[in-house]
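Dear colleague,

I am passing on the structure we spoke about, and below it you will find my notes on what turned up when I went through it. Please read them with the model open beside you.

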Amino acid sequence: MLSIMKVSAFQVLCFLLFVSLSHCEALAHYKFVVEETSYTRLCSTKNILTVNGRFPGPTLHVHRGETIIVDVYNQGDYNITIHWHGVAQPRYPWSDGPEYITQCPVQPGKWFRQKVIFSTEEGTLWWHAHSEWSRATIYGAIVIYPQKGDNYPFPKPAAEFPIMLGEWWKESIAEEYNIVKSGSDPNTSDAFTINGQPGDLYNCSKSGTYTITIQKGLTYLLRLINAAMQDALFFSIADHNVTVLGSDASYLKPFSSSYIAIAPGQTIDVLLEANQSLNHYYMAARVYTGTIPAPNTDFTTTTAIIKYSGNYTASLSPVFPSLPAYNDTASFFNFSKSFRSLVDKDHPIDVPKNISTKLDYLFLVNNVGLSSVNNVSFVNPSIDILEAYYHGINGVYETSFPNTALHTLIKATVVKVLDYNSTVEIVLQSDDSRGGSHPIHIHGYSFYVVGMGTTTFNNETDPSTYNLVDPPFQNTVSVPVQGWTTIRFKANNPGVWFMHCHFDRHAVWGMDTAFIVKNGKSTEEKLLAPPSDMPPC
């Protein structure tokens, strides 16, 4: 009997050890080394900041609800932070990434372990630097598959391809940042890129053009991400319509389109059916500017090539797509207005109906080098707001952010405090042609986009146009030029969360603010404790 008890105790110990190891193994572990790497584009060579020497950086593959660990080693010459764009990070803003909002930057020679907590996201997101202008070259895709055992809500594609749209400057990004920080517009970018390559239409670029080979009769999933620093883009594939089925890691009711309109920060998932004649076809992207182009706008076009497999003689030049004009506001926002959440038993939605907190936020470029939200031009503090909030440090920020626009401009570090579980509606209004449309991103939350218009918001009539049945669920949305967009969300993720324009020059100039969402009553509704290795200021 004694020997049996000894064996049983040993078996229990082995079982507990197995469970413990299995749990540890469930957390995928990644190493991001930020370093200077030599790259040649457009006939010239320069050093750029990269992750693991790659541009774009590595793609992360996860499943819905997974948690991963990413160790960020800064071996570059500049401070760095990494943001997981669109990942809610429930109760854990410590790894969210924006400098001086949720952390101080990782200094050269230092490292920081980030825990990235995925929850309800499913589809495509991305990661990028969130310090100075480093995200111009430090970015990569995040592919979020359904939970293991679950399937896509559409037929499984033959293959999947991340398509990252970006910008390239021959000058150093540090120089561009200094220009913007000094209050001037940046230089015109020298090229747009698709997966880091400018494409055939630029000098010295033909051999590196990104190329996809497809087989006629099959269907492919393209995961589009706009990583450009300061431009919304039109995207199209010659002679092919695509089926739009998701945006910002949330599924949409599928619809067919001959083009894509995508703002900086946004992701859009599309199915491409290989149903055309055997040939080579361009995919192409170029700028959407709004009514009045911003100074130093890049009007060039980036391309990649889709090649059908098989034996045939291709055209001398790939077939070129038709793209909307750079100032075609109707095409840009009609595309966005086609978004409707999928809504089925496996993908329910919960649009707030009874609103407890109504806010009106005006996004304005007050002058070149100065922008604001509600006439408050945001000023970065000397330590991060999250640390100050958690530890009760006074004098770092104010909590008096106005619910509507002030009459005169101020510069300050001001945040908006929200009660836990409050239901929030924000009317986002752009009231200037100088700034164009504004792609607005909120950290820690996705929100329902319930309405959009191209005039000044009318509080009497416009709410009657809201879609409260199946609005899209997004983390980044464009506010039309001199128009409005209304969003709703439930403030159920405690912590400090950044809100800003994803045109980086506007963000540098002060078009930012932050929310502090207070703790709820139960333990599961409270902000988690910080890790022990938070970077010092």
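**Backbone exceptions**

V343 is partly exposed, with a relative accessible area of 35%, and I begin with this residue, bearing in mind that the model is a predicted one. Although V343 is not a glycine, its phi is positive, at about 60 degrees, and the residue belongs to the loop between α3 (329-337) and β20 (357-367). Most residues other than glycine have a negative phi, and most peptide bonds are trans. A second residue of this kind is N421, which is not a glycine either and has a positive phi of about 70 degrees. N421 sits in the loop between β24 and β25 and counts as partly exposed, with a relative accessible area of 37%. As for the peptide bonds, the one that leads from F55 to P56 is cis, with omega near -10 degrees, and P56 is found in the loop between β2 and β3 (60-63).

**The chain as a whole**

The protein chain contains 5 helices and 32 strands, and its C-alpha trace spans about 85 × 70 × 50 Å along the principal axes. For 537 residues, a compact globule would be expected to have a radius of gyration near 24 Å, and the chain, at 24 Å, agrees with that expectation. Of the 537 residues, 57% are buried, while the surface that the chain exposes comes to about 21,600 Å², with carbon and sulfur atoms supplying 51% of it. If one takes the contacts with a separation of 6 or more, 79% of them are between residues 24 or more positions apart.

**A four-stranded sheet**

One sheet deserves a separate description: it is open, is formed by 4 strands in the order β2-β1-β4-β6, and has mixed pairing. Its edge strands are β2 (44-51) and β6 (111-117), each of which pairs on one side only, and from one strand to the next the twist averages 25 degrees. Strands of a sheet pair through backbone hydrogen bonds, either parallel or antiparallel. Strand β4 (residues 67-74) and β6 run antiparallel and are joined by 7 bridges, and within this pairing Y73 stands opposite W111 in β6.

The β4 and β6 strands are also connected through side chains, since D71 lies in strand β4 and R113 in strand β6, and these two residues form a salt bridge in which the closest N and O atoms are 2.7 Å apart. The pair therefore ties together parts that are 42 residues apart in sequence. With a relative accessible area of 5%, D71 is buried, whereas R113, with 36%, is partly exposed.

**Other salt bridges**

How many salt bridges does a search of the whole structure find? The search finds 12 of them, and a few can be described individually. The side chains of K518 and D419 meet in one, at 2.8 Å from N to O. This pair links distant parts of the chain, 99 residues apart, with K518 in the segment after β32 (512-517) and D419 in the loop between β24 (416-418) and β25 (423-430). Both partners count as partly exposed, K518 at 36% relative accessibility and D419 with a relative accessible area of 45%.

D346 and K345 form a further salt bridge, with the closest N and O atoms 3.3 Å apart, and K345 counts as exposed, at 75% relative accessibility. Finally, E160, R223 and D269 are linked to one another in a network of salt bridges.

**A buried position in β8**

The last residue I would point out is I142, which is placed in strand β8 (residues 139-145). At 0% relative accessibility, I142 counts as buried, because the cut-off for that class is under 20%. Leaving aside neighbours within four places in sequence, I142 is in contact with a set of residues that includes L60, V62, W84, V87 and F118, and the set also takes in G123, T124, L125, W126 and W127. The C-alpha atoms of I142 and G86, which are 56 residues apart along the chain, are separated by 9.9 Å.

With best regards

Terms used:
Residues numbered from 1 in each chain as written. Predicted model: local features only at pLDDT ≥ 70, side-chain atom pairs only at ≥ 80, totals over all residues. Heavy atoms only, no water. Pairing = 2+ DSSP bridges. Axes fitted to C-alpha atoms, helices over the stretch in contact; angles between N-to-C directions. Rg over C-alpha atoms; globule rule 2.2 N^0.38 Å. Buried < 20%, exposed > 50% of the residue type's maximum accessible area, 1.4 Å probe, protein only. Contact = heavy atoms within 4.5 Å. Areas by Shrake-Rupley, 256 points an atom, 1.4 Å probe, with all protein chains shown as cover. Salt bridge = Lys/Arg side-chain N within 4 Å of Asp/Glu carboxyl O.
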